[in-house]
Amino acid sequence: MTTSGTIADGWAPKVLLITAYCWPTTTRLALALSKAGFAVEALCVAGHSLARVKFVSKTYRYGALSPLRSLRNAIAASKPDLIIPSDDTTAAQLHELYKLTNATDSVSNKLRSLIAHSLGDPTNYPIFYSRAEMASLPLAAGVLSPTTTNISNHDELLSQLENIGFPAVLKSDGSFGGMGVAFIRTRAEAKHAFGKLTAYNNVARALSRLIVDRDANLVLPCLRRTRPQLSIQRFLFGKRANAAVACWKGAVLAQVTVEVIASNEATGPATVVSVIAHPGMSQAVERMVRALNLSGLCGFDFILDSTDGSAHLIDFNPRATQTCHLLSSERTQPVLSLAAKLQGLPAIVDDRLSPHCGPIVLFPHGPAYAPKSHYSKYTEIDLPSESPELVKIGLEYHQREKRFLAKALRFAKRNNTDRVE
């Protein structure tokens, strides 16, 4: 064992990292997996930065219009020891592939076994996509969590609001990354949010994402005219926090718990975090991992109550999250611990390494890319300096974001001018 974050020489387990989106955080995860001792291959969309880095040995093409075929073909070609989804879309598609694959021959049986080996007990997969069902598990496991109730119409929404009061949180099943979540403070806001979240997927939005962002993930839901199930949850006052977890057959291998200092939006992914030790969060994670019999990488979102600091579980992410490469307060790292488990090695703890004590700006954010931004006040930057190619990818990401924001601002100004005239 060395302080560089690699594990002992020998057989390297192969991981197939899968994603449906062009997020640079997935490439950051691939670097962490490679440093931990995995041989990394990836299933990704055309043009993804995963195809431009040396630490990913091979990539396969993901097709949003035929995702299960893409998954099946990539798994057959890669023959990985483990599959790691990096977004909720591909996690759900893996679960669907397991469901639709009949174990009638050795190939199908191996596929189902690999998915179960990578993600955990398949009998629990359907629960992951119902917020109301997921909210009932913490109570049974002795974990604090706000009451969540399914609603199907406007009258049920108003009835529930009478019980829980304002503010409240409206959520749609299957949403992720802060999308499909609305904070409501008045009856008017509740009515507007309900209409927006229950609307069928918009054709214009799907086409725009396809043409501008080369993102075809909205096309199939749009064609199928799927309407999401909504649920309502009591709002909790406090700080956002989350845990990135490596686990195996219902046992936690390692977890890193962080408090969210800043994020892109009120409900969006974190951009600045601080590593913390929180026994309540850690205990809740252990109980939920055991209850769901999970394997692989996953994440849990919490609110730390503003009055007593208690941890209340508000969401579960059945895939790798963006902080699983950080070092915990106990000097363990989820990615490294997972690699050690697959190699049959003991859990790795290196007392010579120390976690960052101050706020950490997560890749691809930070003053290295945005020197005049509010990130410049933070000193700890999650910059993958050992990979110049990934640093460059982060810079390109920020340049695209700046161009997009400039176009959005011009569009907003033009619309406001048209209204005045």
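Reader: Buried means under 20% relative accessible area, exposed means over 50%, and partly exposed covers what lies in between. On that scale, how does R331 count?

Author: The model is a predicted one. In it, R331 has a relative accessibility of 30%, so this residue counts as partly exposed.

Reader: Where is R331 found?

Author: R331 is in the loop that runs between β13 (311-317) and α11 (334-342). Its phi is positive, near 65°, although R331 is a residue other than glycine.

Reader: What sign does phi have in most residues other than glycine?

Author: Most of them have a negative phi.

Reader: And N293, what is its phi?

Author: N293 is not a glycine, yet its phi is positive, at about 55°. The residue sits in the loop between α10 and β12. With 29% relative accessibility, N293 counts as partly exposed.

Reader: Let us stay with that loop. Is S295 buried or exposed?

Author: S295, also in the loop between α10 (279-292) and β12 (296-305), has a relative accessible area of 6% and is therefore buried.

Reader: Which residues does S295 touch?

Author: Leaving aside residues up to four places away in sequence, S295 touches H117, S118, L119, G120, C247, W248 and K249. With K249 there is also a polar pair: a polar atom of the S295 side chain lies 2.8 Å from the backbone nitrogen of K249.

Reader: C247 is in that list of contacts. How many disulfides does the structure hold?

Author: There are zero disulfides in the structure.

Reader: Why is there no bond between C298 and C247?

Author: A disulfide requires two cysteine sulfur atoms within 2.5 Å. The sulfur of C247 is the closest cysteine sulfur to that of C298, but the two are 4.0 Å apart, which is too far for a bond.

Reader: What about C324, how far away is its nearest cysteine sulfur?

Author: The nearest one belongs to C298 and is 10.0 Å away, and C324 is in no disulfide.

Reader: Are C298 and C324 buried or exposed?

Author: C298 is buried, with a relative accessible area of 4%. C324 is buried as well, with a value of 2%.

Reader: Changing topic to helix packing: at what angle do α5 and α10 pack?

Author: Helix α5 (residues 131-141) packs with α10 at an angle of about 115°, and their axes are 10 Å apart. The two helices are therefore roughly perpendicular to each other.

Reader: Is the crossing left-handed or right-handed?

Author: The crossing of α5 past α10 is right-handed.

Reader: Which residues meet there?

Author: From α5, M134, L137, P138 and A141 take part, and they meet R287, M288 and L292 of α10.

Reader: Back to the backbone. Which peptide bonds ending at P167 and P364 are cis or trans?

Author: The bond from F166 to P167 is cis, with omega near -10°. F363 and P364 are likewise joined by a cis peptide bond, with omega about 5°.

Reader: Where do the two prolines, P167 and P364, lie?

Author: P167 is in the loop between α6 (154-164) and β6 (168-172), while P364 is in the loop between β14 (360-361) and β15 (380-381).

Reader: Finally, the whole chain. How many helices and strands does it have?

Author: The chain has twelve helices and 15 strands. Of its 421 residues, 50% are buried. Among contacts with a separation of 6 or more, 66% are between residues 24 or more positions apart.

Conventions. Residues are numbered from 1 along each chain as its sequence is written. This is a predicted model: local features need pLDDT of at least 70, side-chain atom pairs count only at pLDDT 80 or more; totals for chains, interfaces and linings use all residues. Side-chain values use heavy atoms; hydrogens and water are left out. Buried means under 20% relative accessible area, exposed over 50%, partly exposed in between (1.4 Å probe, protein chains only). Helices (H or I, at least four residues) and strands (E, at least two) are DSSP runs, numbered from the N terminus. A polar contact is a pair of N or O atoms within 3.5 Å; within protein, one must be able to donate a hydrogen and the other to accept it, and residues adjacent in sequence count only if both atoms are side-chain atoms. Contact means heavy atoms within 4.5 Å. Axes are lines fitted to C-alpha atoms, for helices over the stretch in contact, and angles run from 0 to 180 degrees between N-to-C directions. Angles under 35 degrees count as roughly parallel, over 145 as roughly antiparallel, 65 to 115 as roughly perpendicular and the rest as oblique. A crossing is left-handed if the near helix is turned anticlockwise from the far one by less than a right angle, and right-handed if clockwise.
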